[in-house]
Amino acid sequence: MENSFSYIAGSRAFHGSIPLVMGTRFDMLVCDIERRPAQDIWENICSNLAGMDGLLSRFSPESEVYKINEGLVSTLSPDLQTVLEICSGWWLRTGGLFDITKHDFRKLRWSAGAIDTGGEKLDFGGMGKGLALKYIQDLMESRGVTSAFVDFGSSSILAMGSHPFGPCWKTSVANPYEEGQVCEVCLKDNCLSVSGNRPSYSGHIINPGDGTPVNSRRIVTVVGRDPLEAEVLSTAMMIATPQERESIMENFPETEVKTYDL
Amino acid sequence: MKETQEPDLGLRRFLKGLGLLTGGAALLSTAPWLSSCTPGEPASTKGRKARIALIGCGSRGQYHLVMMRSIAHAEVVALCDDYKVNLDAAHAMVPSARTYTDYRKLLEDKEIDGVIIATPLGLHARMTLDAMAAGKHVFCEKAMALTLDECKSVYEAYRSSDRVLYYCMQRMFDEKYIKGIQMIREGSLGEVVGMRCHWFRNADWRREVPSPELERRINWRLYKEYSAGLMTELACHQIEVCNWAIDKMPSQICGMGDIVYWKDGREVYDSVNVTYRYSDGRKICYESLISNKYNGMEDQILCKDGTVDLTKGVFYLENDNLNSGMKQLLQQIKTRTFASIPAAGPSWRPELQSRFTPHPVISGKVSVNAGQSMVAADNDGSDIILSAFCDACLSGRRAENVVEEAYCATTLCLLGNMAMEEGRTIEFPEQYKIPYMKF
Ligand SMILES: NC(=O)c1ccc[n+]([C@@H]2O[C@H](COP(=O)([O-])OP(=O)(O)OC[C@H]3O[C@@H](n4cnc5c(N)ncnc54)[C@H](O)[C@@H]3O)[C@@H](O)[C@H]2O)c1
């Protein structure tokens, strides 16, 4: 996995980037930090992202998910089992809207060490970045990071503390259909997840209920404390009917969801 | 046997750079031939020097002699050429070496462990077979042989022998290729959908001839008696890389070849366009022309989400995120200002793009071969593969798949010529298939 980083000594800031991981780009800016600890964090993140990609990738023939999807193995590693259990929880909490099979999560059966997919294919695309950001959030907290902005493929953003020269990390969400922005959010010790279509990339979110792709010109933003929760909810809210949205969000009073139909 | 220190530093440095010394299982599945030269081989090899002879002291042979100087675990003990000028030149480079004008006499020399064969293509098969029969390990220049039948006999002789045999397909030992192919195989750029390779030069491919009766000897590349032209001399390396990238063999071949510009009595094409088709429809689009060099040399593996140009050691993403948001944020930090960061939006994804940014496949300095030299390019893996061969002369360990890859690539090149000459689409002939091939 290619990565690059630089330390801006004058600003005591560290910028690291990976052009391609989990199918997208990753950027991290940490402020108010010495070079050495920043680099340690960066190395830790790089190796973890590579590891997660290696576990969850649908495309790498080496990955466990690939092998399971291709029917090459029916064994299940403890790591992947943990991820599946997390997904199972989110499937329940979103009333079945967040579904890593994009079809019928109930067909999946697993126990310690073994999995039967029941013909379903696993796709962790809707939660991988959230899972990674959650890891990074924990890591940064434990390392005492006070100011950082992490951008995972523009759709998942983690903000630690605030901008060194401002009260928060002010982030604007672009309108994919025309020049301009959809909204601006002030992030501080929380995160933002954006889901939606683009003119050239539509229908990648599937309603597991009826198998239809969501093609609406809709953007959902979720701002909350937990990056994984934000990631999952932004996808689920793309699919949800207004009633479903209300009943699901009742369980997340601290989390802010906005929907923009463009 | 002379004392020597550590195994060759170049080889060690190379293996270390690849991460093989610290356990590189995934790498070994990408390039299984490396397992033969990873350290930990029989202790008997420690402190010995492989005794190497060179047959064919022309330009490539002399280049190998230069490389041999930095390989500590080997020494050049004998030289052979039946053209005095070149033999003398090589002898001046290694005065201690014994000299021969008949390679069969050289093969009788018991004090030789391995031979490097750097003669014209038409001689590769015979010399390789004779050398293996004489109990020598062999490092032969690519391509494998001039005809399909010769390839088959060499392959069979190799199968029934225990000798080490290497073909100088140096891309297989070039870090940027190995890492690039690993990246492709891991699927991080999506499925491979096609391959485009080309090699362009603007030169007549001739060498100066001191007197006319030497024309065919010295300019052997231009005549069918010794050479199969651009396909075996240039394409061979590139076709191997394509098969390596997707671990498959094409089953159909068609193409057109002509002498477009250099109408100087040569017999081989100076312009070839060949298409290789795999059973799943993927294709190699191959082109070589030696009267225009604008396009240079490229080995491009085209994937659904990106392109790897293995010659340059770079990859391009179909949809690169220029990430202007992060750029603006960095600017803010440097200028101590606070403003909105235009970073967020629906997940960055397929978008039509006109500008492609190259990303390096490996870190550090990358040597790029522009493909314009007839002899060699530095740091292109040639030194490493030679060093690995010398190592194998001591350990006796054969390199997995090297001969098979050379066989596949050479037969495909020869079939490319056949398709062009006969003007038809050729199905890979049954009688030349080997178990290694996956169609
Ligand atoms: N791997 C690569 O990238 C690469 C690069 C250049 C050349 N090559 C290969 O190296 C080989 C040699 O090419 P070259 O450019 O050095 O050619 P060359 O003409 O410079 O050298 C060939 C030598 O072989 C000698 N020779 C011919 N017949 C002989 C015989 N019966 N016994 C002993 N010696 C004999 C010739 O006198 C000559 O000195 C070819 O197979 C070529 O394809 C490979």
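**A serine in chain A and a ligand in chain B**

Colleague: Which backbone nitrogen lies 3.2 Å from a polar atom of the side chain of Ser77(A)?

Modeller: Happy to look, bearing in mind that this is a predicted model. Ser77(A) sits in the loop between α2 (64–69) and α3 (78–93) of chain A. Outside its neighbours within four places in sequence, Ser77(A) is in contact with Leu55(A) and Glu64(A). The backbone nitrogen 3.2 Å from a polar atom of its side chain belongs to Leu80(A).

Colleague: Thanks! Now to the ligand: how much of its 850 Å² does the protein bury?

Modeller: Let's start with the polar side-chain atoms around it. One of Gln170(B) lies 2.7 Å from an oxygen atom of the ligand, and an N or O atom in the side chain of Trp220(B) is 2.8 Å from a ligand oxygen. Of the 850 Å² that the ligand exposes when taken alone, the protein buries 91%.

Colleague: Which element gives the largest share of the shell around the ligand?

Modeller: Three helices of chain B give two or more residues each: α3 (59–69), α6 (121–133) and α10 (230–246). The largest share is 3 residues, and it comes from α6(B).

Colleague: And where does the ligand lie with respect to the domains of chain B?

Modeller: The shell holds 10 nonpolar, 8 polar and 9 charged residues. Residues of the shell come from both domain 1 (9–172 + 380–400) and domain 2 (175–320 + 356–378 + 407–432) of chain B. The ligand therefore lies between domain 1 and domain 2.

Key:
Residues numbered from 1 in each chain as written. Chains lettered and ligands numbered in written order. Predicted model: local features only at pLDDT ≥ 70, side-chain atom pairs only at ≥ 80, totals over all residues. Heavy atoms only, no water. Polar contact = N/O pair within 3.5 Å; in protein donor to acceptor, adjacent residues only side chain to side chain. Areas by Shrake-Rupley, 256 points an atom, 1.4 Å probe, with all protein chains shown as cover. Helix = DSSP H or I, 4+ residues; strand = E, 2+ residues; numbered from the N terminus. Nonpolar A, V, L, I, M, F, W, Y, C, P; charged D, E, K, R; others polar. Domains from an automatic or database assignment. Contact = heavy atoms within 4.5 Å.
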